[in-house]
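Ready for a few short exercises? Have the viewer open, try each task yourself, and then walk through the solution.

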Amino acid sequence: LARESHERGELMLAGAFSDPPNQAVLVFHVADKSMIENFVRNDPYVKNGLVQRWEIREWNVVVGQELFAKKESSSR
């Protein structure tokens, strides 16, 4: 699911924290947060109870915004 979302250009980065590996961060760049909510609903880790708590937070890019601008101009 994550690879498919990444190939579509929605999921920019994803990975688990280490020591202890008890949390992860997924960074999306989408037009609407409902796309992320749909991802979560279909995520096998959520569906099978491995992930029991999650939240969606907006993030303001300070460094690296040129990557997002490049993505948006190529999708037009």
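**Exercise 1: A residue in helix 2**

Asn-42 is found in helix 2; please keep in mind that the model is a predicted one. Describe the surroundings of Asn-42.

*Solution.* Start with accessibility: Asn-42 has a relative accessible area of 36%. Buried would need under 20% and exposed over 50%, so Asn-42 is partly exposed. Next, look for contacts, leaving out residues up to four places away in sequence: Asn-42 touches Leu-1 and Lys-47. Finally, take the pair Asn-42 and Leu-1, which are 41 residues apart in sequence, while their C-alpha atoms are 8.1 Å apart in space.

**Exercise 2: The overall layout**

Work out in what order the elements of the protein chain run, and find what share of its residues counts as buried.

*Solution.* Count the elements to begin with: the protein chain has 4 helices and 2 strands. Reading from the N terminus gives the order α-β-β-α-α-α. Then turn to burial, where 17% of the 76 residues count as buried. The protein chain exposes about 6700 Å², and carbon and sulfur atoms supply 51% of that area. As a last step, consider contacts between residues at least 6 apart in sequence: 27% of these join residues at least 24 apart.

**Exercise 3: The buried side of helix 2 and the core**

Which residues of helix 2 are buried, and which residues make up the largest nonpolar core?

*Solution.* Go along helix 2, residues 34-42, and pick out the buried residues: Ile-36, Phe-39 and Val-40. Viewed down the helix axis, these buried residues fall within an arc of 95 degrees, so they line one face of helix 2. Now ask what covers them: the cover includes helix 1 (2-7), strand 2 (24-28) and helix 3 (44-47).

The core comes next. The largest nonpolar core has 5 residues, namely Leu-11, Phe-28, Ile-36, Phe-39 and Val-40. Helix 2 provides the largest share of this core, with 3 residues. As a general background, nonpolar side chains in soluble globular proteins tend to be buried together. To finish, follow Leu-11 outward: beyond four places in sequence, Leu-11 touches Ala-2, Ser-5, His-6, Leu-26, Val-27 and Phe-28.

**Exercise 4: A cis peptide bond**

Where is Pro-20 placed, and is Asp-19 buried or exposed?

*Solution.* Locate the loop between strand 1 (11-16) and strand 2, which holds Pro-20. Asp-19 lies in the loop between these strands as well. Check the peptide bond joining Asp-19 and Pro-20: the bond is cis, with omega at about 5 degrees. Then check the backbone of Asp-19, where phi is positive at about 50 degrees although the residue is not a glycine. With 76% relative accessibility, Asp-19 counts as exposed.

**Exercise 5: A salt bridge and a surface patch**

Find which side chains meet in a salt bridge, and then identify the residues that make a nonpolar surface patch of about 440 Å².

*Solution.* The count comes to 1 salt bridge. The partners are the side chains of Arg-8 and Glu-10, at 3.0 Å from N to O. Glu-10 counts as buried, at 16% relative accessibility. For the patch, select Tyr-45, Leu-50, Val-51 and Trp-54. Trp-54 sits in the loop between helix 3 and helix 4 (65-74), and with a relative accessible area of 44% Trp-54 is partly exposed.

Note on methods
Residues numbered from 1 in each chain as written. Predicted model: local features only at pLDDT ≥ 70, side-chain atom pairs only at ≥ 80, totals over all residues. Heavy atoms only, no water. Buried < 20%, exposed > 50% of the residue type's maximum accessible area, 1.4 Å probe, protein only. Arc of directions from axis to C-beta. Contact = heavy atoms within 4.5 Å. Patch = residues over 30% accessible without salt bridge, like charges linked within 9 Å, V, L, I, M, F, W, Y side chains within 5 Å. Areas by Shrake-Rupley, 256 points an atom, 1.4 Å probe, with all protein chains shown as cover. Salt bridge = Lys/Arg side-chain N within 4 Å of Asp/Glu carboxyl O. Core = buried A, V, L, I, M, F, W, Y, C linked by side-chain atoms within 4.5 Å.
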